[in-house]
Every structure is written in C-alpha cells, then in structure tokens.
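Student: I should like to go through this structure and ask, for each term applied to it, what justifies the term.

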Amino acid sequence: MNIKYIKHKTKKCCICKEPLDVMIQPETGKILYDGGNNAEPVMKGRCCNSCDNEVVLSVRLELFHKRLLKGENNGNKEHI
Ligand SMILES: [Zn+2]
C-alpha cells in the first residue's frame, strides 16, 4: 500500500509546534492516520514523526538506561 505524509491543518506537535504528520493514501487522498505520536515522557500530548524519532526516542532510551544503572530490575527475572 502506498503511503504519503502531509502536514496537519490544525493539530500541532507539542514539542516543536510544527503541524503534525498526516498519513494519507496518495491515490484517494484518504486519511489513514492523523493522531501524531505519544510525546511522553517528554511532554503530555502528541508530537510529529521527527520529534518522535529524534527527541522522544532518545529520552526514553536515556530513562531506560538510568533505570538499569539504578538496578531497579533487581529481583526481576525478566531479561532485557
Ligand atoms: Zn515536532
């Protein structure tokens, strides 16, 4: 399936304030998804694809590593 991204007319990214990305089907112009990405733990709200990849992901990784260093997984048999 072909997918194209256009800019949202009203919804804005809560991090960079640029319009959110809207996923559309190029042939029909049908909107497939326009809800943005979960911006937590950076912000409470929705963010665009580039912030999700560049900002949110790195903060999540950072938190994940901090948790590992603190040994919060002690006693937890789960392997990562
Ligand atoms: Zn953004």
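Tutor: Let us begin with one pair: Tyr-5 stands opposite Met-23 in β2. Please bear in mind throughout that this is a predicted model.

Student: What makes β1 and β2 a pair of strands?

Tutor: Two strands count as paired if DSSP finds at least two bridges between them. Strand β2, residues 19-24, is joined to β1 over 5 bridges in the antiparallel sense, so the criterion of at least two is met. Other positions in this pairing can be named: Ile-6 stands opposite Val-22 in β2, and Lys-12 faces Pro-19 of β2.

Student: How do you know that β2 and β3 pair?

Tutor: The same criterion applies, namely at least two bridges. β2 and β3 run antiparallel and are joined by 2 bridges, so the pairing qualifies. Met-23 in β2 stands opposite Tyr-33 in β3.

Student: Why are β1 and β3 said to stand at the edges?

Tutor: The open sheet has 3 strands in the order β1-β2-β3, with antiparallel pairing. β1 (4-12) and β3 (31-33) each have a single partner strand, so one side of each lacks a neighbour in the sheet. From one strand to the next, the twist averages 55°.

Student: Which elements does the protein contain, and in what order?

Tutor: The protein has 1 helix and 5 strands. From the N terminus on, the order is β-β-β-β-β-α.

Student: What makes Lys-17 notable in its backbone geometry?

Tutor: Most residues other than glycine have a negative phi. Lys-17 is not a glycine, yet its phi is positive, at about 65°. Lys-17 belongs to the hairpin of β1 and β2, which has 6 residues between the strands. The hairpin of β2 and β3 also has 6 residues between its strands, and there Gly-29 takes a positive phi near 75°.

Student: Why is Lys-17 called exposed?

Tutor: A residue is exposed if 12 or fewer other C-beta atoms lie within 10 Å of its own. Lys-17 has 9 such atoms within 10 Å, and is therefore exposed.

Student: Is Ile-3 buried or exposed, and how do you know?

Tutor: With 10 other C-beta atoms within 10 Å, Ile-3 is exposed, because the cut-off is 12 or fewer. Ile-3 lies in the segment before β1. Leaving aside neighbours within four places in sequence, Ile-3 is in contact with Met-23 and Leu-32. Ile-3 and Gln-25, 22 residues apart in sequence, are separated by 5.2 Å in space, C-alpha to C-alpha.

Student: Why is Met-43 placed in the category "partly exposed"?

Tutor: Exposed residues have 12 or fewer such neighbours and buried ones 20 or more. Met-43 has 16 other C-beta atoms within 10 Å, so it falls in between and is partly exposed. Met-43 lies in the loop between β4 (37-38) and β5 (46-47). Beyond four places in sequence, Met-43 is in contact with Cys-14 and Ile-15. The C-alpha atoms of Met-43 and Ile-15 are separated by 7.1 Å, although 28 residues lie along the chain from one to the other.

Student: What is unusual about the peptide bond from Glu-40 to Pro-41?

Tutor: Most peptide bonds are trans. The bond from Glu-40 to Pro-41 is cis, with omega near 10°. Pro-41 is in the loop between β4 and β5.

Student: Which residues make up the largest nonpolar core?

Tutor: The core comprises 7 residues: Cys-13, Ile-15, Leu-20, Ala-39, Cys-47, Cys-48 and Cys-51. Not counting residues up to four places away in sequence, Leu-20 touches several residues, among them Cys-13 and Cys-48. Buried residues make up 15% of the 80 residues in the protein.

Student: How do you know that the length of helix α1 agrees with expectation?

Tutor: At 1.5 Å a residue, the 22 residues of α1 (residues 49-70) should span 32 Å, and the end C-alpha atoms are 30 Å apart, which agrees. A kink of about 30° in α1 is centred on Val-56. Gly-71, with a positive phi near 75°, follows α1.

Student: Why is α1 said to lie largely in the open?

Tutor: Of the 22 residues of α1, 2 are buried, so the helix lies largely in the open.

Note on methods:
Residues numbered from 1 in each chain as written. Predicted model: local features only at pLDDT ≥ 70, side-chain atom pairs only at ≥ 80, totals over all residues. Core = buried A, V, L, I, M, F, W, Y, C linked by C-beta atoms within 7 Å. Contact = placed C-beta atoms within 7 Å. Helix = DSSP H or I, 4+ residues; strand = E, 2+ residues; numbered from the N terminus. Axes fitted to C-alpha atoms, helices over the stretch in contact; angles between N-to-C directions. Expected span 1.5 Å × (residues − 1). Bend = angle between axes of the 7 residues up to and from the residue.
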